[in-house]
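Trainee: I would like to go through this model at the bench. Please take the elements in turn and give the cut-offs as we go.

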Amino acid sequence: MIDIETIKFAFEDDDDIMLYCDPKYAESTKEVLVNSIYDKLLEFLPYGDCKFEQVVIDNNIVGFVFICDEILVSFGINNNYRNKQTLEKFFEYIKLLFKKDFKSFMWKRNKRAVNWLKKCGMEEEVCNYEDVVQ
């Protein structure tokens with residue numbers, strides 16, 4: 001079950017999220033953005049083995065991960081938990097959700113997430129989608 005409250009929590013203290021999100025929501029509100037993320041995740045459900053996970057680290061809900069087959073579709077971590085130790089545990093949690101290597105597609109403008117995934121060891125590949133990094 002996709003939990004919109006967890007998505008909301010992941011971004012509630014992130015005053016810069018609109019700089020990194022889907023460009024068509026850049027001039028919108030966080031509430032509209034959260035609803036759009038929720039709706040997009042619902043659209044994936046019929047097309048694969050999808051899972052929405054509330055991520056709990058050290059007994060604290062820190063954010064969420066949504067995967068479908070071997071793709072990391074979406075994730076978010078509350079700004080209050082974006083420290084080196086928790087981010088390392090967050091990525092380890094993501095890796096445990098997959099049986100093998102996985103891919104992720106990010107907006108090019110989402111430099112924050114792209115750079116974090118690279119720090120975690122992921123490699124950027126050529127992508128055929130406009131404004132998207134694989």
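Trainee: Which strands does α1 lie across, and at what angle does α1 run to β2?

Mentor: This is a predicted model, in which local features need pLDDT of at least 70, side-chain atom pairs count only at pLDDT 80 or more, and totals for chains, interfaces and linings use all residues. Residues are numbered from 1 along each chain as its sequence is written, and side-chain values use heavy atoms, with hydrogens and water left out. Helices (H or I, at least four residues) and strands (E, at least two) are DSSP runs numbered from the N terminus, contact means heavy atoms within 4.5 Å, and axes are lines fitted to C-alpha atoms, for helices over the stretch in contact, with angles from 0 to 180 degrees between N-to-C directions. On that basis α1 lies across β1, β2 (60-68) and β3, and its angle to β2 is about 115 degrees.

Trainee: Which strands does helix α3 lie across, and at what angle does α3 run to β1?

Mentor: Helix α3 covers residues 84-96 and lies across β1, β2 and β3. Its direction relative to β1 is about 150 degrees.

Trainee: In what order do the strands of the sheet come, and which are the edge strands?

Mentor: Two strands pair if DSSP finds at least two bridges between them. The open sheet has four strands with mixed pairing, in the order β1-β2-β3-β4. Pairing on one side only marks the edge strands, β1 (50-57) and β4 (103-104).

Trainee: Do β1 and β2 run parallel or antiparallel, and what is the bridge partner of F52?

Mentor: Eight bridges join β1 to β2, and these strands run antiparallel. By contrast, β3 (residues 71-77) and β4 run parallel and are joined by two bridges; there, I71 is partnered by K103 of β4. For F52, the bridge partner in β2 is F66.

Trainee: Which residues in the loop between β1 and β2 have a positive phi?

Mentor: Most residues other than glycine have a negative phi. The hairpin of β1 and β2 has two residues between the strands. In that loop, D58 has a phi near 50 degrees; N59, also placed in the loop, has a phi of about 65 degrees and is not a glycine. The names are D58 and N59.

Trainee: Which parts does the disulfide tie together, and how many residues apart are they in sequence?

Mentor: A disulfide here is a pair of cysteine sulfur atoms within 2.5 Å, and the structure holds one. C50 is joined to C68 with S to S at 2.3 Å, and the link is left-handed, with -45 degrees about the S-S bond. C50 is in strand β1 and C68 in strand β2, so the pair ties together parts that lie apart in sequence by 18 residues.

Trainee: How do α1 and α2 pack, and which residues make the contact?

Mentor: Helix α1 (residues 4-11) and helix α2 (residues 30-44) pack at about 135 degrees, with axes 10 Å apart. The contact is made by K30, V34, N35, I37, Y38 and L41 of α2 and, from α1, by I4, I7, K8 and F11.
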